[in-house]
Structure formats: C-alpha cells, structure tokens
Amino acid sequence: DRRVDDGWFVQIAEVGPQEPPFFDESEDDFYHRSMGEFARTPAFFLEWRMETDGPREGFPNVAPAAIVAGGFSGVSYHFTIADDQVRLIRDNLLPLVFVDIQAGVPHTYRLELYGSESYRWVIDGQVVDSGIPEGAYPTADSEIVFGARAAGETITAGWDYVRYGAIPEPGTIVLVLVGAAILSFRRRTRAR
C-alpha cells in the first residue's frame, strides 16, 4: 500500500505467504530518478526526511527503507534505514558505517558531495561520516532510488521529502544577500 498522509508519502510493505520455492514474498515499492542532468556538478546534495518502524534485521535484504545515489560508474552511496539505525555502504571493499538513531521520530539526512574531493553525511544537522569519495558523483549514468521493503514483517516508511541538486557556491549566496540588503537600505532612505 501507498498513500499520502498529511503531506507525507507513506509506504506499507507486507510479507505474505507464497507457494514454494519462495515460501514468503516481501513486498517492496521503489522509485528511480535519473541524475544525468547533474553530471560533472562540482557540488551536489541529496537530502531527505523520513521515518520507518521497520527493524534493522532487514538490512541484509535492503529493508526496511533505502535510498541510493549510484549508477554504473562504481561510485555509490547506499543508505539502509531502520527504526533505530542507519547503514551506509559505499563499496564492498570499504567498511560499513552504522549510525544509531532515535526510534519513533523522523530524521533529516543529508549527503553532500564535492566532486572527487570529499563527501559529508549529516543526520539532523550533525556530521556522522565524511571522507574522500572513490570518484565524482553524479555522472551521466547516475540515478537516485528510494523506497521500502518488508523486513520479515510488515513495515511502514514515511517520506516527508527527497531533495537533490547542485549546491550553490557560497559567493553566490552572499551576493544575493548583500544585494537584498542594499535594496532594502535604498527603499528605507527613499521612504523618508
């Protein structure tokens, strides 16, 4: 099942009995979005806010919830999210990163990528992992995939939002703010 509930995209995935040889079938619901338009972007972000009640025992099977920034280039950021823990896989040859989170509340996650120079993973405003990536992301074949899968039991995953795009250069933001301040100052002096 899926529905929109008070602005949140909610997925409910169940495990149902099946005929042999499968014995039980885990429902899943995943969405794909190409990131090719952002290829060679010098600074890129992926941010999402979500909550799930699924247990971490589903981690080996990409459950209960997952979001992946990857493609065929070999550079990938694969997040698997349970009610009380998040796992990051960047490569099979690199150590897995596990971060405990508070269960029963939504969390905001953000991945910042700066070409092949560095990456940062932030949960609720706190940096939980950072380092040098294996290469630049996104590339022409990159995509973002997110969704939910039953984790040995029925799970619910709620997504408030998934955002992504180029991180503007800091100078651009400062110029806009300075320009707005000058405009505001000019308006005040003319009004007198």
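How many helices and strands are there in the chain? The count comes to 1 helix and 15 strands, and keep in mind that what you are looking at is a predicted model.

**Figure 1. The whole chain, with its 1 helix and 15 strands.** Start here to get your bearings. The chain has 192 residues, and 39% of them are buried. Take the contacts between residues at least 6 apart in sequence: 62% of these join residues at least 24 apart. As for the outside, the accessible surface comes to about 11,000 Å², and carbon and sulfur atoms account for 53% of that.

**Figure 2. Strands E1 and E2 form a hairpin.** E1 covers residues 2-5 and E2 covers residues 8-13. The two run antiparallel, joined by 4 bridges. There are 2 residues between the strands of this hairpin, and Asp 6 takes a positive phi near 55°. To find a matched pair across the strands, look for Arg 3, which stands opposite Val 10 in E2.

**Figure 3. Strand E2 also pairs with strand E15.** Here the partner is E15, residues 155-166, and it runs antiparallel to E2 with 5 bridges joining the two. Val 10 is a handy landmark again: Gly 158 in E15 stands opposite it, while Arg 3 is its opposite number in the hairpin.

**Figure 4. A cavity inside the model, with a volume of about 40 Å³.** How many cavities of 30 Å³ or more does a search of the whole structure find? The search turns up 1. Its lining includes Met 50, Glu 51 and Thr 52, along with Ile 81, Ala 82 and Asp 83. Ile 101, Gly 104, Val 105, His 107 and Tyr 109 are lining residues too. Strand E6 (44-52) and strand E11 (107-114) each supply at least two residues of the lining, and E6 gives the most, with 3. By type, the lining splits into 6 nonpolar, 3 polar and 2 charged residues.

**Figure 5. Asp 84 sits in the loop between strands E8 and E9.** E8 spans 77-81 and E9 spans 85-89, so you can trace the loop from either side. Is Asp 84 buried, exposed or partly exposed? Asp 84 counts as partly exposed because its relative accessibility is 24%, and buried would mean under 20%. Asp 100 is 16 residues away from Asp 84 in sequence, yet their C-alpha atoms are 5.8 Å apart in space. Leaving aside neighbours within four places in sequence, Asp 84 is in contact with Arg 56, Val 99, Asp 100, Ile 101 and Ala 103. One of these, Ile 101, also helps line the cavity of Figure 4.

Terms used:
Residues numbered from 1 in each chain as written. Predicted model: local features only at pLDDT ≥ 70, side-chain atom pairs only at ≥ 80, totals over all residues. Heavy atoms only, no water. Buried < 20%, exposed > 50% of the residue type's maximum accessible area, 1.4 Å probe, protein only. Contact = heavy atoms within 4.5 Å. Areas by Shrake-Rupley, 256 points an atom, 1.4 Å probe, with all protein chains shown as cover. Pairing = 2+ DSSP bridges. 1 Å grid on protein atoms, 1.4 Å probe; cavity = no way out; pocket = protein on both sides within 12 Å on 5 of 7 lines; lining within 4 Å. Points joined across faces, edges and corners; volume = space filled by probe spheres on them. Nonpolar A, V, L, I, M, F, W, Y, C, P; charged D, E, K, R; others polar.
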